[in-house]
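Biologist: Could you take me through one part of this model up close, the strand pairing, and then tell me how the rest of the chain sits around that part?

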Amino acid sequence: MTDLPADEQTFLKDLVKSARQKHHHVKWTDRDGSERVTVLSQPEVVRVATIAHRLGISKPELLRQAAHIPVTKPPAPPAAGP
């Protein structure tokens, strides 16, 4: 494995590290009515729980409401002038 480039070694180490962590599954209903399961890492579940608690709703309800947040495209770079 030492013959792999450093960025690939880092990627693989991070992948293994992530696989060893406990993941949390949150079941929720998408805006089209389909059932979803989102897998969250420990830091993500803490953040989702904090936001949900602050809003006084459950984690599944938070994700359901988040599905309605419109996706925005990044602004186009300015056109190059002469």
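Modeller: Sure, cut-offs first: buried means under 20% relative accessible area, exposed over 50%, and partly exposed in between, with a 1.4 Å probe and protein chains only. By that rule, 15% of the 82 residues in the chain are buried. Bear in mind that this is a predicted model, where local features need pLDDT of at least 70, side-chain atom pairs count only at pLDDT 80 or more, and totals for chains, interfaces and linings use all residues. Residues are numbered from 1 along each chain as its sequence is written, and side-chain values use heavy atoms, with hydrogens and water left out.

Now the strands. Helices (H or I, at least four residues) and strands (E, at least two) are DSSP runs, numbered from the N terminus, and the order here is α-β-β-α-α. E1 covers residues 24-29, and E2 covers residues 35-40. They pair antiparallel over six bridges; pairing takes at least two DSSP bridges. His-24 sits opposite Leu-40 of E2. Five residues lie between the strands of this hairpin, and Gly-33 has a positive phi near 95°.

In a regular strand the side chains alternate between the two faces of the sheet. E1 does just that: His-24, Val-26 and Trp-28 point to one face and are buried, whereas His-25, Lys-27 and Thr-29 point to the other and are not.

Zooming out, the radius of gyration, taken over C-alpha atoms, is 19 Å. A compact globule of 82 residues would come in near 12 Å, going by 2.2 Å times the number of residues to the power 0.38. The C-alpha atoms fill a box of roughly 55 × 50 × 25 Å along the principal axes.
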